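Open the model in your viewer and keep the selection tool at hand. This tour goes stop by stop, telling you what to select and what is there.

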Amino acid sequence: MYRGTGRRKTSVARVRLVPGSGQLTINGRPGDNYLQYNPVYLAAAKAPLETLGLEGDYDVLVSVVGGGLTGQADSIRLGVARALIQLDPENRKPLKVEGYLTRDPRAKERRKYGLKKARKAPQFSKR
């Protein structure tokens with residue numbers, strides 16, 4: 001069993017790779033069901049396996065918390081990529097070239113006092 005942790009925005013995914021038939025299970029539910037049958041999210045979650053041609057060799061067991069579906073799918077992708085490096089350090093190069101090992105640092109900016117949102121100011125009037 002190989003483990004990897006992925007993060008994106010406020011989402012954290014703990015991923016386990018187990019030899020199997022290629023099933024994706026997220027929080028105890030089938031992956032396509034959890035990701036609402038959205039092909040974009042499913043493709044993102046399985047992309048590292050497809051890059052290495054291992055999509056039918058390992059079951060992916062995921063525990064994910066926080067964020068929305070986009071953040072969760074991207075955090076799963078990072079977790080799977082990190083687990084694949086544990087599987088074989090030779091996998092690092094192709095995954096790095098595809099950009100699957102880069103943690104996306106973008107997150108919601110905090111709200112500042114005196115403003116309505118992070119940068120939106122109240123309407124200004126001279127008089």
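**Stop 1: a pair in the first hairpin**

This is a predicted model. Select Gly 6 and look across to β2, where the bridge partner of Gly 6 is Ala 13. Now add Gly 4, which stands opposite Val 15 in β2. Both pairs belong to a longer ladder: strand β1 (residues 2-8) and strand β2 (residues 11-19) are joined by seven bridges. The two strands run antiparallel.

Follow β1 to its end. The two strands form a hairpin, with two residues between them. Pick Lys 9 in that turn and check the backbone: Lys 9 has a positive phi of about 55 degrees.

**Stop 2: the whole sheet**

Show all strands. How many strands form the open sheet, and in what order? There are five, in the order β1-β2-β5-β3-β4, with mixed pairing. The edge strands are β1 and β4 (29-30), and each pairs on one side only. As a general point, strands of a sheet pair through backbone hydrogen bonds, either parallel or antiparallel.

Now select β5 (58-65). On one side, β5 pairs with β2 in the antiparallel sense, over eight bridges. Two residue pairs show the match: Leu 17 stands opposite Val 60 in β5, and Pro 19 stands opposite Tyr 58 in β5.

Next, look at β5 and β3 (24-26). These two strands run parallel and are joined by three bridges. Leu 24 has Val 60 of β5 as its bridge partner. Thr 25 stands opposite Leu 61, also in β5. Val 60 is worth a label: Leu 17 stands opposite Val 60, and Val 60 is the bridge partner of Leu 24 too.

**Stop 3: the nonpolar core**

Select Ile 26, Val 60 and Val 62. These are the residues with the most contacts inside the largest nonpolar core, a set of 28 residues. Which elements give two or more residues to this core? They are β2, β3, α2 (39-52), β5 and α3. Show α3 as well: the largest share of the core, seven residues, comes from α3. In soluble globular proteins, nonpolar side chains tend to be buried together.

**Stop 4: the largest pocket**

Turn on the surface and find the largest pocket. The volume of this pocket is about 150 Å³. Select its lining in three groups:

- Arg 3, Gly 4, Thr 5, Arg 14, Val 15 and Arg 16 are among the lining residues.
- Thr 25, Asn 27 and Gly 28 also line the pocket.
- Leu 61, Val 62 and Ser 63 are part of the lining too.

β1, β2 and β5 each supply at least two residues of this lining. Colour the lining by class, and you get three nonpolar, six polar and three charged residues. Some names here are from earlier stops: Val 62 was picked in the core, and Gly 4 and Val 15 stand opposite each other across β1 and β2.

**Stop 5: the salt bridges**

Show charged side chains. How many salt bridges does the structure hold? It holds five. Side chains of opposite charge can pair when their charged atoms come close.

Start with Arg 8 and Asp 74, whose side chains meet in a salt bridge (2.9 Å, N to O). Arg 8 lies in strand β1 and Asp 74 in helix α3 (residues 69-87), so the pair ties together parts that are 66 residues apart in sequence. Are these two buried or exposed? Arg 8 is buried, with a relative accessible area of 8%. Asp 74 counts as buried at 19% relative accessibility, because the cut-off for buried is under 20%.

Move on to Asp 104 and Arg 106. They form a salt bridge, with the closest N and O atoms 2.8 Å apart. Arg 106 counts as exposed, at 57% relative accessibility. Select Arg 8, Asp 74, Asp 104 and Arg 106 together: they are linked in a network of salt bridges.

Last, select Arg 119 and Glu 109. Their side chains meet in a salt bridge (3.1 Å, N to O). Both residues lie in the segment after α4 (92-98), 10 residues apart. Arg 119 counts as exposed at 69% relative accessibility, whereas Glu 109 is partly exposed, with a relative accessible area of 37%.

Key:
Residues numbered from 1 in each chain as written. Predicted model: local features only at pLDDT ≥ 70, side-chain atom pairs only at ≥ 80, totals over all residues. Heavy atoms only, no water. Pairing = 2+ DSSP bridges. Helix = DSSP H or I, 4+ residues; strand = E, 2+ residues; numbered from the N terminus. 1 Å grid on protein atoms, 1.4 Å probe; cavity = no way out; pocket = protein on both sides within 12 Å on 5 of 7 lines; lining within 4 Å. Points joined across faces, edges and corners; volume = space filled by probe spheres on them. Nonpolar A, V, L, I, M, F, W, Y, C, P; charged D, E, K, R; others polar. Salt bridge = Lys/Arg side-chain N within 4 Å of Asp/Glu carboxyl O. Buried < 20%, exposed > 50% of the residue type's maximum accessible area, 1.4 Å probe, protein only. Core = buried A, V, L, I, M, F, W, Y, C linked by side-chain atoms within 4.5 Å.
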